[in-house]
Each structure stands twice: as C-alpha cells, then as structure tokens.
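User: I would like to learn how to read the main features of a model of this kind. Could the features be taken one at a time, with the general idea before the particular case?

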Amino acid sequence: MQNPLTTGSSVFRNSIILGVFAMFTVGLIAVTQQGTAERIAEEKRRVQMSALTQILPEDQHDNELLNDTFTVNDRDLLNLPGPAEAYRGREDGEVVAVILPVVAPDGYSGRIDLLVGIHADGGVAGVRVTSHRETPGLGDKIELAKSDWILEFNGKSLSMPEPENWAVRKDGGAFDQFVGATITPRAVVQAVYRALQYFEENRAMLLELPQEEPANG
C-alpha cells in the first residue's frame, strides 16, 4: 500500500511543476506577442514614412513631416474608426500641403488604408496605399510597386475632373479600372474624392489660416 504522505508529496510536487510550466508558457507567449506587435508597428511606420516622402518629396517642404503632425477624427468623409495622425508640409513656416489618413471601407477584401496628400490650392499631391488585403495580381495593383495606377490622382482636384467623373470608366468616370477587378479601384477613387471634400470643408483649420471675424450686425 502506498504511503499517503508520499502520494500527497508527489501530487504537490507535480502541481508545482505544472504551475511553473504554465507560468513559463504564458510569459513566453506574452514576450512573443509584444515582440511581434513592436515589429508590426515598426514596419507600419516604415511604410508610412516611405509613403510620406513619395507623396511630398523633400524639395516641396522644409520641415520634418513626422514632427509636424495633428490629429483628425472624421467618420463621415475620411471613414476613420478613431483618431488618426495627419501631417503638414511647410515652407518658411507656411502650410503648403497636408497629408490625410483615409480609409476606403469597401474594398473587395475589406478595408484599404490610404494617405492622401493635398496641396494648399486643393490639388492632389499624391496618394499611397499603406495597408490592404486585396487579391494579389488583381486588386493589389493599387500599390505603386505593382502598377502606376495610383499616380492617376496626381494633380486632380474636386473640379478636375468634374464631380460626376470621379468614378472608374466602367461607371462612366475618368479613372481606369483593372482587368478583372473593378471594386478595388472604385473604392479608392471614392475615398480620394471624399478626402478632397474633407479638405475643402476644413481648409482653414488644415492650413492654419486665420479665422474670419464674424461681421457685426
């Protein structure tokens, strides 16, 4: 017959071992998740910085874009799920362009994150995709690395083309679509147009212009 004291000691020892193993496993998972999150955040920042310099090259501003940020939080036009960082480009202290975060919620495979640069005169400085899940070989042509389609937006504005032409050609608009993929470019075109609308409605704030004094009645 087993000694009850010996059995109890064995159970206790095994419990301790299992407890230590569980703590080690949880700790390892936490460290791995933290490291992964940091790598993802760093990669996202790298992609974003690359996009910023492509949208607004250094010869078009004299400030550090990453150090001249402000927060936007607009669900109606920018489709942002929460506060997000935007950027101002300056020359001699004057705002010459802004770069806005924009979400196209209706891509073929879901959300498409964009940065839309807009000059002070309302013309598009450039558009870059920072995150998407579109189909490789089809919808991923919104990436500059895959095609130059995204460059079609350069120089466009709310009035060029006319509002009714801010659509892909299949819908009677001025922008190309991809062979076998219309939903993705359609979503991006509409997102860029909404960004221009947001800029127009908030021009004074975005460009840090003096607010007009109300007229005395």
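Analyst: The turns below treat the sheet, the backbone and the aromatic rings of this predicted model.

User: Let us begin with the sheet. In what order do the five strands lie, and how are they paired?

Analyst: A sheet is read by listing its strands by neighbour and then noting their directions. Here the sheet is open, its five strands follow the order E1-E2-E3-E4-E5, and the pairing is antiparallel. Strand E1 (69-72) and strand E5 (124-131) are the edges; each has a single partner strand, so one side of each has no neighbour in the sheet. From one strand to the next, the twist averages 30°.

User: How many bridges join E1 to E2, and which residue stands opposite Thr71?

Analyst: Bridges give the register of two strands. E1 and E2 run antiparallel and are joined by four bridges; within this pair, Thr71 faces Glu85 of E2. The next pair, strand E2 (residues 84-91) and strand E3 (residues 94-107), is also antiparallel, with five bridges. There, Arg90 has Val95 of E3 opposite.

User: Which helix packs on the sheet, and which strands does that helix touch?

Analyst: Packing is described by the elements in contact and by the angle between their directions. Helix H2 (residues 183-201) packs on the sheet and touches E1, E3, strand E4 (110-119) and E5. The direction of H2 makes about 140° with that of E3.

User: Which residues of E1 are on the covered face, and which are on the uncovered one?

Analyst: The two faces of a strand are compared by their exposure. In E1, Phe70 and Val72 make up the covered face, while Thr69 and Thr71 make up the uncovered one. A charged group also belongs to this picture: Arg88 lies over the face of Phe70, 3.9 Å from the ring centre.

User: Let us turn to the backbone. Where does a cis peptide bond occur, and what is the phi of Asp92?

Analyst: Most peptide bonds are trans, and most residues other than glycine have a negative phi. Met160 and Pro161 are joined by a cis peptide bond, with omega about 5°. Pro161 is located in the loop between E5 and H2. Asp92, a residue other than glycine, has a positive phi near 55°; Asp92 lies in the loop between E2 and E3. Glu208 likewise has a positive phi, near 55°, and is found in the segment after helix H3 (203-206).

User: Is Asp92 buried or exposed, and how does Glu208 count?

Analyst: Relative accessible area decides the class. Asp92 has 78% and is exposed. Glu208, at 43% relative accessibility, counts as partly exposed.

User: Finally, how many aromatic pairs does a search of the whole structure find, and what is the geometry between Trp149 and Phe153?

Analyst: A ring pair is read from the distance between centres and the angle between planes. The search finds six aromatic pairs. Trp149 and Phe153 form an edge-to-face pair, at 5.4 Å centre to centre with 90° between the planes. Both Trp149 and Phe153 are buried.

User: Why is the pair of Trp149 and Phe178 edge-to-face?

Analyst: Planes over 60 degrees apart count as edge-to-face. The planes of Trp149 and Phe178 stand at 75°, with centres 5.2 Å apart, so this pair is edge-to-face. Trp149 and Phe178 each lie in the loop between E5 and H2, so the pair ties together parts 29 residues apart in sequence. Trp149 and Phe178 are both buried. Ring pairs link Trp149, Phe153, Trp166, Phe175, Phe178 and Tyr193 into a cluster.

Key:
Residues are numbered from 1 along each chain as its sequence is written. This is a predicted model: local features need pLDDT of at least 70, side-chain atom pairs count only at pLDDT 80 or more; totals for chains, interfaces and linings use all residues. Side-chain values use heavy atoms; hydrogens and water are left out. Two strands pair if DSSP finds at least two bridges between them. Axes are lines fitted to C-alpha atoms, for helices over the stretch in contact, and angles run from 0 to 180 degrees between N-to-C directions. Contact means heavy atoms within 4.5 Å. Buried means under 20% relative accessible area, exposed over 50%, partly exposed in between (1.4 Å probe, protein chains only). Rings of Phe, Tyr and Trp (its six-membered ring) pair if their centres lie within 6.5 Å; planes under 30 degrees apart count as stacked, over 60 as edge-to-face and the rest as tilted. A charge sits over a ring if NZ of Lys or CZ of Arg is within 6 Å of the ring centre and within 35 degrees of the ring normal.
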